[in-house]
Amino acid sequence: MKIRILAMAAASALVLAACNQPAEAPADATETTATAEAAGQMAPDFTLVNAEGEQVSLSDFRGRVVVLEWTNEDCPYVRKHYTGPMQQLQEDAVGDGVVWLTIISSAPGTQGYVEGEQAAGWRAEYDANFTHLLADPTGETGRAYGAVTTPDMRVIDEDGRVIFTGGIDDRPSADVATLDGATNYVRAALDDHAAGRPVATPFAQPYGCSIKYADELEETA
């Protein structure tokens, strides 16, 4: 039993070291409150460059449901979801006419940042089904939405209002086994909205790796 406990502790330490983030919550309670208050607000417009070098604006998709997904390929919590469930959720949503925008707000030189050929090959490497992969190297868009972790999710309705914000599911763990039986809040929000119902859970506590914002790096330099 002692050996098992030590092994579990070592595994947990490696996960947290890899993403530099507590497992269950963002580091800053103020940011958590801001994220919660974002549900029900109008979504800030933004223009970012996609993996193909094209400018993409949120306003391009007014009249359609949009999902925003903050990601970091090196984050263990992101890797858990990219074992298949995230790609399937993307495929199902896009198949229903939803626009899925995957956003990388990591600053240049930090964990998760990609550019050039690496960005262009991201979709194929992870078998992803998003509409666009967008780079947010200044972190301005992530900050505007109060995004604090990877993954961190938003669902925006046809009128440009945020109807869901926060954690993707109710299992704040990097363990793939926790996907079994988890409640996926993004899927639930999309289903509620498609059925004409109010979203039952408009906010869920975000969890995962902290987003590596450029201004935070400057503060700690």
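Tutor: An axis here is a line fitted to C-alpha atoms, for helices over the stretch in contact, and angles run from 0 to 180 degrees between N-to-C directions. This is a predicted model, so local features need pLDDT of at least 70 and side-chain atom pairs pLDDT 80 or more, while totals for chains, interfaces and linings use all residues. Residues are numbered from 1 along each chain as its sequence is written, and side-chain values use heavy atoms, with hydrogens and water left out.

Student: OK, at what angle do helix 4 and helix 8 pack?

Tutor: Helices (H or I, at least four residues) and strands (E, at least two) are DSSP runs, numbered from the N terminus. Gln 88, Leu 89, Asp 92 and Ala 93 of helix 4 meet Val 186, Arg 187 and Leu 190 of helix 8, where contact means heavy atoms within 4.5 Å. The two axes sit 11 Å apart, and the packing angle of helix 4 and helix 8 is about 15°.

Student: So are helix 4 and helix 8 roughly parallel or roughly antiparallel?

Tutor: Check the angle, which is about 15°. Under 35 degrees counts as roughly parallel, over 145 as roughly antiparallel, 65 to 115 as roughly perpendicular and the rest as oblique. Helix 4 and helix 8 are therefore roughly parallel.

Student: Which helix gives the most to the largest nonpolar core?

Tutor: A nonpolar core is a set of buried Ala, Val, Leu, Ile, Met, Phe, Trp, Tyr and Cys residues joined through side-chain atoms within 4.5 Å. The largest has 33 residues, and Val 186 and Leu 190 are among those with the most contacts inside it. Helix 3 (76-81), helix 4 (85-95), strand 4 (99-104) and helix 8 (185-194) are among the elements that each supply at least two residues. The top giver, with four residues, is helix 8.

Student: How far apart in sequence are Cys 75 and Cys 209?

Tutor: These two form a disulfide, with sulfur atoms 2.3 Å apart; the cut-off is a pair of cysteine sulfur atoms within 2.5 Å. Cys 75 sits in the loop between strand 3 (66-70) and helix 3, while Cys 209 is in strand 10. The link ties distant parts of the chain together, and the gap is 134 residues.

Student: Is Phe 203 buried, partly exposed or exposed?

Tutor: Phe 203 is found in strand 9. Buried means under 20% relative accessible area, exposed over 50%, and partly exposed in between (1.4 Å probe, protein chains only). Cys 75 is buried at 0%, but Phe 203, because its relative accessibility is 27%, counts as partly exposed.
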